[in-house]
Amino acid sequence: MTSGPTAALRAVVARRARYRCSYCQSQEDVVGTLFTLDHIIPQALGGSDEIGNLCLACWDCNRLKQTHVTGIDPQDGQRVPLFDPNRQVWAEHFAWAEEATLIEGLTPVGRATVAQLQLNRPILLRARQRWMRAGWHPPHP
Ligand SMILES: [Zn+2]
């Protein structure tokens, strides 16, 4: 059997995230996939399975985050912490641009997270264009 967070804990974290990826904001019921739980501080770095260290993330964001807790702000090359969905507010670090197809980093944390997690992956740009036309995107604040 698997260890790690229980199904009940997953349900709480997913509801708290309003069933969206905490990073790219994709919605589970638009993508058609149940997302995974991301350890904000990775287990490999001693991060716990406590709810305060867990957030909902799509599989691609989770994979791209790997064991990173910092990233490079492309604007000045400084290494800064990645976005922490439990302690920071998405809209303070990111904004939708280009008719909501692009996520723009507003802060060093936001820019580094856009870069490390590739929040403007080509497949996401194409999906967001379709979601826009369907009226499913961007998600309500
Ligand atoms: Zn994502």
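From the N terminus on, the elements of this predicted model follow one another in the order α-α-β-β-α-β-β-α-β-β-α-α, so that a reader who walks along the chain meets six helices and six strands. The radius of gyration is 15 Å, close to the 14 Å that the globule rule gives for 141 residues, so the protein is as compact as a globular protein of that length. Taken along the principal axes, the box filled by the C-alpha atoms is roughly 45 × 35 × 20 Å. Buried residues make up 30% of the 141 residues, and among the contacts with a separation of 6 or more, 59% are accounted for by residues 24 or more positions apart.

**Two strand pairs**

The pairing of the strands can be set out side by side in a small table.

| Strands | Sense | Bridges | A pair of partners |
|---|---|---|---|
| Strand 1 (residues 36-39) and strand 2 | antiparallel | four bridges | Asp38 and Cys55 |
| Strand 5 and strand 6 | antiparallel | four bridges | Ala95 and Glu104 |

Strand 5 and strand 6 form a hairpin with four residues between them, and in that turn Glu98 has a positive phi of about 50°. Which residues of strand 6 are buried, and which are not? The side chains alternate along strand 6, with Ile103 and Gly105 pointing to one face, where they are buried, and Leu102 and Glu104 pointing to the other, where they are not. Strand 2 (residues 54-57) is covered on both faces, since Leu54 and Leu56 on one side are buried, and Cys55 and Ala57 on the other side are buried as well.

**The nonpolar core**

In soluble globular proteins, nonpolar side chains tend to be buried together. The largest nonpolar core of this model holds 23 residues, and those that touch the most other members are Cys21, Tyr23, Cys24, Cys55, Leu56, Ala57 and Cys61. Strand 2 and helix 5 are the elements that give two or more residues to this core, and strand 2 gives the most, with four residues. Leu56, a residue of strand 2 that is buried, touches Val13, Ala14, Ala17, Arg20, Cys21, Ser22, Phe35 and Leu37 when residues up to four places away in sequence are not counted.

**Helix 5 and its surroundings**

How many of the nine residues of helix 5 are buried? Helix 5 (residues 108-116) is mostly covered, with seven of its nine residues buried, namely Val109, Gly110, Arg111, Ala112, Thr113, Val114 and Gln116. What covers these buried residues includes helix 3 (59-65) and helix 4 (90-93), together with strand 3 (70-72), strand 4 (79-81), strand 5 (94-97) and strand 6 (102-105). Helix 5 is followed by Gln118, whose phi is positive, near 50°.

**A partly exposed residue in a loop**

Asp49 has its place in the loop between strand 1 and strand 2. Why does Asp49 count as partly exposed? Asp49 has 14 C-beta neighbours inside 10 Å, and therefore it counts as partly exposed, given that a buried residue needs 20 or more and an exposed one has 12 or fewer. When residues up to four places away in sequence are left out, Asp49 touches Gly4 and Pro5. Although Asp49 and Cys61 are 12 residues apart in sequence, their C-alpha atoms lie 18 Å apart in space; Cys61 is one of the core residues that touch the most other members.

Notes. Residues are numbered from 1 along each chain as its sequence is written. This is a predicted model: local features need pLDDT of at least 70, side-chain atom pairs count only at pLDDT 80 or more; totals for chains, interfaces and linings use all residues. Two strands pair if DSSP finds at least two bridges between them. The radius of gyration is taken over C-alpha atoms; the globule rule is 2.2 Å times the number of residues to the power 0.38. Two residues are in contact if their C-beta atoms, placed from the backbone, lie within 7 Å. A nonpolar core is a set of buried Ala, Val, Leu, Ile, Met, Phe, Trp, Tyr and Cys residues joined through C-beta atoms within 7 Å.
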